[in-house]
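This report considers charged side chains, a pocket and several individual residues in one protein chain. Please keep the sequence and the structure in view while reading.

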Amino acid sequence: MAINIDTIETILLDNGFAVAHETKKHKELIHTASGESVYLNNFNPKTYSQLIVHPRHLDKRAQLISAGCGVGSSSETRFGSNLRKFPEAVNRGAKPSPYGVPFGFDSTASLKGFVAELFG
């Protein structure tokens with residue numbers, strides 16, 4: 001069973017992140033050492049789209065989810081106008097929208113390993 005979004009937030013806060021901004025759909029947290037933003041998907045948080053990271057990590061997605069360590073991903077990308085610190089691309093319409101890479105976790109250990117891998 002996947003861990004819930006509140007558990008994800010607690011672990012991120014315990015591992016060097018701080019809440020920066022919140023909307024109805026997303027909560028932005030910033031890694032204090034690197035300054036990199038991540039987003040918690042408060043709006044319809046599917047099992048493997050609870051945490052959205054910068055698209056610079058897209059090349060690591062396949063490795064992270066195939067390692068068999070409890071990390072999953074619902075799709076390659078997730079678009080959302082509230083992902084304000086991420087780059088934009090055209091999704092379905094003509095207007096570009098910010099996007100990131102969604103992930104979810106089967107355990108607290110899998111999330112902690114993920115954070116260590118991406119943020120040191």
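## A buried charged pair

In this predicted model, lysine 27 and glutamate 9 are both buried. The two residues form a salt bridge, in which the closest N and O atoms are 2.9 Å apart. This pair links distant parts of the chain, since lysine 27 belongs to strand β2 (residues 26–31) and glutamate 9 to helix α1 (residues 5–14), with their positions 18 residues apart in the count along the sequence.

Side chains of opposite charge can pair when their charged atoms come close. How many salt bridges does the model contain? The count comes to five.

## A salt bridge between strand β2 and a loop

A salt bridge also joins the side chains of glutamate 28 and lysine 85, with an N to O distance of 3.4 Å. Glutamate 28 lies in strand β2, while lysine 85 lies in the loop between β6 (78–79) and β7 (88–90), so this salt bridge ties together parts that are 57 residues apart in sequence.

Are the two partners buried or partly exposed? Glutamate 28 has a relative accessibility of 1% and therefore counts as buried. Lysine 85 has a relative accessibility of 45%, so this residue counts as partly exposed. The cut-offs behind these words are under 20% for buried and over 50% for exposed, with partly exposed in between.

## A salt bridge between two loops

Arginine 56 and glutamate 36 meet through their side chains in a salt bridge of 3.1 Å, N to O. Here, too, distant parts of the chain are linked: arginine 56 is in the loop between β4 (51–53) and α2 (61–66), and glutamate 36 is in the loop between β2 and β3 (37–41), 20 residues apart.

Arginine 56 counts as partly exposed because its relative accessibility is 49%. Glutamate 36, at 12% relative accessibility, counts as buried. Elsewhere, salt bridges with shared partners join Glu9, Glu22 and Lys27 into one network.

## Serine 37 and histidine 31

Serine 37 is located in strand β3. With a relative accessibility of 5%, serine 37 counts as buried. Its side chain is joined to that of glutamate 28 by a polar contact of 2.8 Å. Leaving aside residues up to four places away in sequence, serine 37 touches Glu28, Leu29, Ile30, His54, Lys85 and Phe86. Both partners of one salt bridge described above, glutamate 28 and lysine 85, are thus among the residues that serine 37 touches.

Histidine 31 has its place in strand β2. Its relative accessibility is 8%, so histidine 31 counts as buried. Which residues does histidine 31 touch, not counting those up to four places away in sequence? They are Asn15, Gly16, Phe17, Glu36 and Phe119. Among these is glutamate 36, which pairs with arginine 56.

## The largest pocket

The largest pocket holds about 240 Å³ of space. Its lining consists of Lys25, His26, Asn41, Phe43, Asn44, Lys46, Arg78, Phe79, Gly80, Ser81, Asn82 and Ser97. Sorted by class, the lining has seven polar, three charged and two nonpolar residues.

Two of the lining residues, serine 97 and lysine 46, are 51 residues apart along the chain, and their C-alpha atoms are separated by 20 Å.

## Serine 97 and proline 98

Serine 97 is found in strand β8. At 17% relative accessibility, serine 97 counts as buried. Not counting residues up to four places away in sequence, serine 97 touches Phe79, Gly80, Ser81, Pro87, Glu88 and Ala89. Phe79, Gly80 and Ser81 are included in the lining of the largest pocket.

Proline 98 also belongs to strand β8 (residues 96–105). This residue counts as buried because its relative accessibility is 8%. With residues up to four places away in sequence left out, proline 98 touches Arg78, Phe79, Gly80, Ser81, Leu83, Phe86, Pro87 and Glu88. How far apart in space are proline 98 and cysteine 69? The two are 28 Å apart, C-alpha to C-alpha, and 29 residues apart in sequence.

Terms used:
Residues are numbered from 1 along each chain as its sequence is written. This is a predicted model: local features need pLDDT of at least 70, side-chain atom pairs count only at pLDDT 80 or more; totals for chains, interfaces and linings use all residues. Side-chain values use heavy atoms; hydrogens and water are left out. A salt bridge is a side-chain nitrogen of Lys or Arg within 4 Å of a carboxyl oxygen of Asp or Glu. Helices (H or I, at least four residues) and strands (E, at least two) are DSSP runs, numbered from the N terminus. Buried means under 20% relative accessible area, exposed over 50%, partly exposed in between (1.4 Å probe, protein chains only). On a 1 Å grid over the protein atoms alone, a cavity is a set of points where a 1.4 Å probe fits but cannot get out, and a pocket is an open set with protein on both sides within 12 Å along at least five of seven lines; lining residues have an atom within 4 Å of a point. Grid points are joined across faces, edges and corners, and a volume is the space filled by probe spheres set on the points. Ala, Val, Leu, Ile, Met, Phe, Trp, Tyr, Cys and Pro count as nonpolar, Asp, Glu, Lys and Arg as charged, and the others, Gly among them, as polar. A polar contact is a pair of N or O atoms within 3.5 Å; within protein, one must be able to donate a hydrogen and the other to accept it, and residues adjacent in sequence count only if both atoms are side-chain atoms. Contact means heavy atoms within 4.5 Å.
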